[in-house]
Amino acid sequence: MPLARSLSVTSLTGLEDWDDDFDQEDAILFEIAWEVANKVGGIYTVIQTKARLTVEEWGENYFLIGPYFEHNVRTQVELIEPPNPAVRRTIESMNSKGCKVYFGRWLIEGGPYVILLDIGATAWSLDQWKTELWDSCSIGIPWYDREANDAVLFGFLTAWFLGEFVAQCEENPYIVAHFHEWLAGVGLILCRIRKLPVATIFTTHATLLGRYLCAGNVDFYNNLQHFNVDREAGDRQIYHRYCMERAAVHCTHVFTTVSQITAVEAEHLLKRKPDFVTPNGLNVKKFSAMHEFQNLHAQSKAFGLQFGSVHILFIAGRYEFSNKGADIFLEALSRLNYLLRVNQSETTVVAFFIMPARTNNFNVETLKGQAVRKQLWDTANAVKEKFGKKLYESLLVGQLPDLNKMMDKEDFTMMKRAIFGTQRHSLPPVIFHPEFLSSTSPLLPMDYEEFVRGCHLGVFPSYYEPWGYTPAECTVMGIPSVSTNLSGFGCFMEEHIADPSAYGIYILDRRFRGVDESCNQLTSFLYSFCQQTRRQRIIQRNRTERLSDLLDWKYLGRYYMYARHMALAKAFPDKFTYEPHEPSTVQGFKYPRPASVPPSPSLSRHSSPHHSETEEDDERYDEDLEAEKDRQNIKPVAMITMNMSLNSGSDWRRCNSKKGSVDLGSNATSTASSMTSSASSPTELCSPSSSIIDERN
């Protein structure tokens, strides 16, 4: 089933800029999610990293709504008095009726306001609210599903808050409520049933049924149009959850997903085609400040494995063995080991599986390894101190030291004993770390970012991955990664990069190949990567980091902006109008192949500049020079692409009875000239060589 191009991947410059024309003083944005100040999954990262951009856009009129958990509030939220009078009166009114509503500032970049609802304080209303949900929607929630019961409590409290806020406002504001995932969906359903004057947006980051079906080893993507969704949800005892999600999708004014692959999935499983795609981004500045990622990569090699030709690979994510591709990664490692041995390669590969799972205790062999490593460290320090003392004494009397007398027989005995203690005759380890990385961990004391920077390659061969933050984080940190054409990230990169592997993004085909073929392809990627010299890896990391602007919220955040304005136009047609146009055939820009050949030893010619045959860097690689060449090559075609993309899209207008009708759709000529004078697209700021207008099905 071919994937149609969506608005989000047509052109990053194809959306009109509302920043200068849209007046948000009389508009309020509420963003509702279970993951607000509550780390559960990837949605937490979406909201946390997007907060700064949204605060800059909406200022004091932006509020996040989430559940109250005391252990999270203690470390993440500063409780304060609401500065907005209507919000303050709303909270006071709800608290006087038995609720517990807290207001504070989330201590993250941007410092957004948060409204936290204590679902435990209103649990006494659960039966009443479940009855109301059944009477109004015919959705029944079983008593034993605690997560669904929490979703009901959270949804009713959210709708209560929004309704009370409307009543407390002296003038009717234009309210936008953005709901994330099914756990927040009940609040959206109630807003529409109670006919609250709220423009609603619903974003699904992954469909419930899709995740369950993929975990059940079905041929998911080739049978999407054939599934009996009601029966499949019932067989998996999630029919009530599915109904909550589907009702929210059909009630919302604007429905979005995070990737085109998820849009196809939602159209078949939830029976509504998304209005468009809102890709997930990152705060790139956090990772690439001062452009020192190469130095940080070197500094983070703290595993005690960075010697010789050791390559560290890793996979990270939920402990979903098949969905995340852990099974195919293990099999590929086995085949890679065979290839390395047959070809008598000196490369050693160590693989980490970072997947939180239930554990009973520390592994005995792991503790033993920690003790051996500590003994080696202590031995090295003891010898170093003795050596330094003898060196000082020799210099003190004005003599050059005799190196043969600097260490005695006892020192050599200590070092040999330490070396023998570290020897192992088994295969290099595959390390399973069943918890999130933390600098306080006794086994692997480092943060996730530090860990990733110390690795050589991230491997994420997922079968079900609506977006994929792990390869995106690798990209902005300059670490090459393997993704698939069944992940949102992989499809996004394939859409925007002519040759992803040249930039360190290896796209594994899991859509049109069988498991064995995909495993062979992954093995080929890994073997090719292991054959690279140090110089080639440095060049590739430079190119990978160069893609970071493509994933910056500075650009991807405009799709959320677009969704809000579309919702306002649908909810308040007397103030906002939306006139859709037929989609243009003009395609968006693509990152071309870099000026030099991709650093792959499988090619018959060397990368440019030519690499040395040894691991030594005899001639320096001038990254700035190559980047400047890329910028010069890409600008002319990028301008053509921007001008052409202005012909597509929709006509947006805001109606104002006092000021008359203000046309917010930019004139093609004036917009093109303004874009030429200001770098507003990733193609201007990044440095691949030239832009290609690609024809795709």
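In this predicted model, residues 24 or more positions apart in sequence account for 75% of the contacts in the protein that have a separation of 6 or more. The protein has 25 helices and 18 strands, and of its 697 residues, 55% are buried.

Let me turn to the nonpolar cores. The largest of them has 77 residues, and within it the residues with the most contacts are F30, I115, F161, F179 and F220. Helix α6, which covers residues 146-168, gives the most to this core, with 12 residues. If we take F161 as an example, and leave aside residues up to four places away in sequence, F161 touches F30, I65, V87, T90, I91, M94 and I115. Apart from that core lies another, of 65 residues, and among its members are I328, L444, C474 and V476.

Two of those names, C474 and V476, take us to helix α18, where they are among the buried residues. This helix runs over residues 469-476 and is mostly covered, with eight of its eight residues buried; the list includes Y469, T470 and P471, and also E473, a residue one may wish to look at on the screen. After α18 comes G478, whose phi is positive, near 75°.

I328, which I named a moment ago as a member of the 65-residue core, brings us to a helix pair. Helix α14, residues 326-342, packs with helix α20, residues 515-530, at an angle of about 50°, and their axes are 8 Å apart. An angle of that size makes α14 oblique to α20, and the crossing in which α14 passes α20 is right-handed. On the α14 side the contact is made by I328, F329, E331, A332, R335, L336, L339 and L340, while α20 brings V515, D516, S518, C519, N520, L522, T523, L526, Y527 and C530. Sorted by class, the contact of α14 with α20 has 12 nonpolar, three polar and three charged residues.

A second pair is formed by α2 and helix α22, the latter covering residues 553-571; these two pack at an angle of about 70°, with their axes 10 Å apart, which makes α2 roughly perpendicular to α22. The residues in contact are V46, T49, K50, L53, T54, E57 and W58 of α2, together with W553, K554, G557, Y560, M561 and R564 of α22. Here the division is into six nonpolar, three polar and four charged residues.

Within α2, which spans residues 42-58, I would like to dwell on T49. Is T49 buried or exposed? Its relative accessibility is 11%, and because buried means under 20%, T49 counts as buried. Not counting residues up to four places away in sequence, T49 touches G281, L282, N283, Y469 and W553, and of these Y469 is one of the buried residues of α18, while W553 belongs to the α22 side of the contact just described.

My last residue is E265, which is found in helix α11, residues 260-269. With a relative accessibility of 2%, E265 counts as buried. Which residues does E265 touch, not counting those up to four places away in sequence? They are T207, G210, F220, L224, L270 and Y464, and F220 has already appeared among the residues with the most contacts inside the largest nonpolar core. As for G210, E265 lies 55 residues from it in sequence, yet the two are 7.3 Å apart in space, C-alpha to C-alpha.

Conventions. Residues are numbered from 1 along each chain as its sequence is written. This is a predicted model: local features need pLDDT of at least 70, side-chain atom pairs count only at pLDDT 80 or more; totals for chains, interfaces and linings use all residues. Side-chain values use heavy atoms; hydrogens and water are left out. Axes are lines fitted to C-alpha atoms, for helices over the stretch in contact, and angles run from 0 to 180 degrees between N-to-C directions. Helices (H or I, at least four residues) and strands (E, at least two) are DSSP runs, numbered from the N terminus. Angles under 35 degrees count as roughly parallel, over 145 as roughly antiparallel, 65 to 115 as roughly perpendicular and the rest as oblique. A crossing is left-handed if the near helix is turned anticlockwise from the far one by less than a right angle, and right-handed if clockwise. Contact means heavy atoms within 4.5 Å. Ala, Val, Leu, Ile, Met, Phe, Trp, Tyr, Cys and Pro count as nonpolar, Asp, Glu, Lys and Arg as charged, and the others, Gly among them, as polar. Buried means under 20% relative accessible area, exposed over 50%, partly exposed in between (1.4 Å probe, protein chains only). A nonpolar core is a set of buried Ala, Val, Leu, Ile, Met, Phe, Trp, Tyr and Cys residues joined through side-chain atoms within 4.5 Å.
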